[in-house]
Amino acid sequence: MSLSDPALLTLTEVAQAIATKKLSSRDVTQACLDRIARAQQKLNAFMAVEPESALAAADAADAALAKGERKGPLHGVPLAHKDMYYETGFVVTCGSKIRRDFVATTTSTALQRLKDAGQVRLGSLQMSEFAYGPTGHNAHYGAVRNPWGLDHITGGSSSGSGSAVAARLTFAALGSDTGGSIRMPAHFCGVTGLKTTVGLVSRAGAMPLSHSLDTVGPLARTAEDCALLTGLMAGADPADPTASHRPVPDYLAATKHPLQGLSIGIPKSFYVDDLDSEVARVLDDTKAALVREGVRVVEVELPDQRQLSAAAQLVLAVEAAGFHGGWMRERPQDYGPQVLMRLQNALAIPAVTYLEAMRWRGVALAEFVAAVAGVDAVLAPVSPVPAPTIAESDVGNSLNAEAVIQRLTRFTRPINYLGLPSLALPCGFSKAGLPIGLQLIGRPFDEATLLRIGAGWQRATDFHRQCPEL
């Protein structure tokens, strides 16, 4: 662990360095702010940067540590999060014009738990409007750019989170995943992202999109970092009756276990169909590497994932339209055209169709779990392609943009419909130097196994250590 440039450390490394006083919170925070100052104009990753208050909070963290007062595992660590997590007294735009001046009067539970653990606030991160877009385009604030290729998308809707973590502007960031919005930025930007099981982490105080699909989770440099953050956030919450009361496992302990003896399933169809040749190559290389690490890799036959993908789109559309009904009637002109079109289209979906999709979820989940009973996790691409360009995925300027967007999310939506956990990992690069990620899909509430595999993979590889030049 080199301390010469603190911003290049992982979350767990920098937290340890601050705790042992090898680094001060001020020095670490200043290192992040310096990188933000160099990169923000290129990347457009931040919604707001708060250098003065961040440095003041860092100084307070250092003073407390000098007196032997450590708040928790994130004491003095500077972080920024997707601009949809309410924090009392701060403007939270949700990437929208409608909430451009909305000042939160409550703090989201997930964010509060990270604050209680000692994090320092750097600012807030850009996102797709109302978290309803898979590319990173935003009609109001501009597209977030991929640090590996400025003309390419980051993925959405956690666009700023993916870009900022990849560029080492923040050590980690909260995202949200309703149809792939953590995993796609992780894949396209070359970072690690955990879509949690529905109900593992409280959604209280996080902007809703789809009440039955929304999940809170981290994007970070490593699986170990994701384990630390998830362990801090998970657990029951009186403010969210859907939050699970299950005991929270020791996710960090799980990351220390070896890969040997585990079994991973590779789908025989759907997730391996119509892949870009470079994504297919990375999948083959990853399978071979896992075998060398002592993992048993076998093919698995999954239920029809196309039906799950279609059902996920239907449920998301109806629930999003339900949440936005009032604003659609009162302020339609304040939406970006693509988001408004998607919301209005959902109004034509019959209630019976939605109810049928909801009723089928339990059956579909049971079928999926039975199909993977012989393996510890399933390995699949996050998306069939590396990051397309911003121009070719812009619905306003490209005739093929809608087809491009539909293809991007094909492999993420089924997992949201089933409510399962999925960990996206950096697994290689295209010939053009763009990151390529794969996702590990697990059983409900078995994040520990996914994090164990992810950490083992990252001990054996260095894709997560590679950093784009600013």
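Start by selecting Phe130, Phe323, Trp327 and Tyr335, which together form one aromatic cluster. Rings of Phe, Tyr and Trp (for Trp, its six-membered ring) pair if their centres lie within 6.5 Å; planes under 30 degrees apart count as stacked, over 60 as edge-to-face and the rest as tilted.

Before moving on, note how the model is described. It is a predicted model, in which local features need pLDDT of at least 70 and side-chain atom pairs count only at pLDDT 80 or more, while totals for chains, interfaces and linings use all residues. Residues are numbered from 1 along each chain as its sequence is written, and side-chain values use heavy atoms, with hydrogens and water left out.

**Aromatic pairs**

The structure holds 11 aromatic pairs. A pair of aromatic rings is described by the distance of the centres and the angle of the planes. Select Tyr86 and Phe102: this pair is edge-to-face, with 5.5 Å centre to centre and 65° between the planes. Tyr86 and Phe102 are 16 residues apart, and each is in the loop between strand 2 and helix 4. Helices (H or I, at least four residues) and strands (E, at least two) are DSSP runs, numbered from the N terminus. Tyr86 is buried at a relative accessible area of 12%, whereas Phe102 is partly exposed at 25%. Buried means under 20% relative accessible area, exposed over 50%, and partly exposed in between (1.4 Å probe, protein chains only).

Next, select Phe270 and Phe411. They form an edge-to-face pair, 5.6 Å centre to centre and with 70° between the planes. Phe270 lies in the loop between strand 7 (263–267) and helix 9 (277–292), and Phe411 in the loop between helix 13 (401–408) and helix 14 (413–418), so the pair ties together parts that are 141 residues apart in sequence. Phe270 is buried at 9% relative accessibility, and Phe411 is buried at 0%.

Keep Phe270 in view and add Arg410, which lies over the face of Phe270 at 5.7 Å from the ring centre. A charge sits over a ring if NZ of Lys or CZ of Arg is within 6 Å of the ring centre and within 35 degrees of the ring normal. Then go to Arg361, which lies over the face of Tyr417 at 5.3 Å from the ring centre.

**Around Asp83**

Select Asp83, in the loop between strand 2 (78–82) and helix 4 (109–116). Is Asp83 buried or exposed? Asp83 is buried, with a relative accessible area of 3%. Leaving aside neighbours within four places in sequence, the residues in contact with Asp83 (heavy atoms within 4.5 Å) include Met47, Val91, Cys94, Ser124 and Met127. Another residue to show is Thr93: a polar contact of 2.6 Å joins its side chain to that of Asp83. A polar contact is a pair of N or O atoms within 3.5 Å; within protein, one must be able to donate a hydrogen and the other to accept it, and residues adjacent in sequence count only if both atoms are side-chain atoms.

**Cysteines**

How many disulfides does the structure hold? It holds zero disulfides, a disulfide being a pair of cysteine sulfur atoms within 2.5 Å. For Cys32, the nearest cysteine sulfur is that of Cys467, 12 Å away. Cys32 is buried, with a relative accessible area of 0%. Cys94, one of the residues in contact with Asp83, is also buried, at 0% relative accessibility.

**Strand 4**

Select residues 172–176, which make up strand 4; five of its five residues are buried. In a regular strand the side chains alternate between the two faces of the sheet. Here Ala172, Leu174 and Ser176 point one way, while Ala173 and Gly175 point the other way. Add strand 6 (residues 216–220), which pairs with strand 4 in the antiparallel sense over five bridges. Two strands pair if DSSP finds at least two bridges between them. To see one bridge, show Ala173 with its partner in strand 6, Leu219.

**Backbone details**

Most residues other than glycine have a negative phi, and most peptide bonds are trans. The peptide bond from Gly156 to Ser157 is cis, with omega near 10°. Ser157 is in the loop between strand 3 (120–125) and helix 5 (159–166).

Ala131, also placed in the loop between strand 3 and helix 5, has a positive phi of about 60° although it is not a glycine. Ala131 is buried, at 8% relative accessible area. End at Asp274, in the loop between strand 7 and helix 9, where phi is positive at about 55°. Asp274 is exposed, with a relative accessible area of 53%.
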